[in-house]
Amino acid sequence: MRVAILCSSPYSETGCAVSARMAQLGYAPVGALTLPSWDRSTLLRKVGQWGVRDSFDYAVTKLRPGKAANRKKVLNSYLEKSLRHGEGVFRNLREVARAYGFPVVTCGDQNSPRALAQLKQWSPDLVIFTGGNILRDQVLKVPRLGVLNSHLALLPEIRGMSSPEWSLLSGVPLGITIHFMDSGLDTGPILLRREFAGADDCDSLADLRNRMIAEGIELIAEAVAGLDSGTISPVPQAERETDRQFFVMHERLQAEATRRLKKSRLNPVAGGCDG
């Protein structure tokens, strides 16, 4: 199984963890295509998710390798198992690539002719998307099997951004879906769909998201192994009478999502599904 990685930044912990986890399981990437470290859209998205202070702390951790504390620090602690290497952790994609022997190519747009040519040269059976641009059909059609994505919600109920928060607000059980990407927004065929059982241990939305990202990586690994062995097949998403797509939410809605998360911790049987 020839696997390639699409990444939003060489310093993306999720991209590094997926690449390392694939290699650990015997699916070392044939290559990784990443956006630049200072891609504007990625920076704005991270500041929106984490805030200015956490985003700055993250950048310092990744860009100052000289300090011993930085060599061991991981923003998402649940990824440390996948990122651990020797006495420290992988801080960027190039460190993962050196350890497991695959090329990393930086490109300003994952849909550009240069990016498309590079992917075709690698001739992957499967591409794993860990962040970046909205992919066009010409890129989605390159891998033999398709482009795999981990969505932090159950599909088709919750599509779009801020999906754990919208799951809490909509009364839909928290979950993770591994699916193939297509030209729609989170509409591609599903490989794995699992409810997330760890919400009772989460003390914040950030903690919830970090735990779900880590579990999503393990589900990606399960899906890749299943595709390779022929034990998993994609299933088209069920049609729904009302197709809703969710986007970035107002801080008041985030506060309400936090309240519901805390309520579910105190009374874990009180949840339900409205959809």
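Helices here are DSSP runs of H or I with at least four residues, numbered from the N terminus. By that rule, Ser-163 belongs to helix 9, which covers residues 163–170. Please keep in mind that this is a predicted model. Below is a friendly tour of an open seven-stranded sheet, the helices lying across its strands, a helix pair and two buried residues.

**The sheet**
- Seven strands form an open sheet in the order 5-2-1-6-7-9-10, and their pairing is mixed.
- Strand 5 (104–106) and strand 10 (190–195) are the edge strands, each pairing on one side only.
- On average, neighbouring strands in this sheet are turned by 15 degrees against each other, ignoring direction.
- Strand 1 (residues 3–7) and strand 2 (residues 31–34) run parallel and are joined by four bridges.
- Leu-6 has Leu-33 in strand 2 as its bridge partner.

**Helices across the sheet**
- Strand 1, strand 2 and strand 5 have helix 6 lying across them, and helix 6 runs at about 150 degrees to strand 5.
- Helix 10 (residues 205–229) lies across strand 1, strand 6 (126–129), strand 7, strand 9 (175–180) and strand 10.
- The direction of helix 10 is at about 40 degrees to strand 9.

**Helix 1 against helix 6**
- Two packed helices are described by the angle between their axes and the distance between the axes.
- For helix 1 (residues 13–24) and helix 6 (residues 93–100), the axes come within 9 Å and cross at roughly 10 degrees.
- Helix 1 is therefore roughly parallel to helix 6, as angles under 35 degrees count as roughly parallel.
- The crossing of helix 1 and helix 6 is left-handed.
- From helix 1, Gly-15, Cys-16, Ser-19, Ala-20, Ala-23 and Gln-24 meet Leu-93, Val-96 and Tyr-100 of helix 6.
- Of the residues in the contact of helix 1 with helix 6, six are nonpolar, three are polar and none is charged.

**Two buried residues**
- Ser-163 counts as buried because its relative accessible area is 4%, and buried means under 20%.
- Not counting residues up to four places away in sequence, Ser-163 touches His-151, Leu-152, Ala-153, Ile-158 and Arg-209.
- Val-142 sits in the loop between helix 8 (137–140) and strand 7 (146–151).
- With a relative accessible area of 18%, Val-142 is buried too.
- Beyond its neighbours within four places in sequence, Val-142 is in contact with Leu-116, Leu-119, Lys-120 and Pro-124.
- Val-142 and Asp-125 are 17 residues apart in sequence, and their C-alpha atoms are 8.5 Å apart in space.

Technical notes. Residues are numbered from 1 along each chain as its sequence is written. This is a predicted model: local features need pLDDT of at least 70, side-chain atom pairs count only at pLDDT 80 or more; totals for chains, interfaces and linings use all residues. Side-chain values use heavy atoms; hydrogens and water are left out. Axes are lines fitted to C-alpha atoms, for helices over the stretch in contact, and angles run from 0 to 180 degrees between N-to-C directions. Angles under 35 degrees count as roughly parallel, over 145 as roughly antiparallel, 65 to 115 as roughly perpendicular and the rest as oblique. A crossing is left-handed if the near helix is turned anticlockwise from the far one by less than a right angle, and right-handed if clockwise. Contact means heavy atoms within 4.5 Å. Ala, Val, Leu, Ile, Met, Phe, Trp, Tyr, Cys and Pro count as nonpolar, Asp, Glu, Lys and Arg as charged, and the others, Gly among them, as polar. Buried means under 20% relative accessible area, exposed over 50%, partly exposed in between (1.4 Å probe, protein chains only). Two strands pair if DSSP finds at least two bridges between them.
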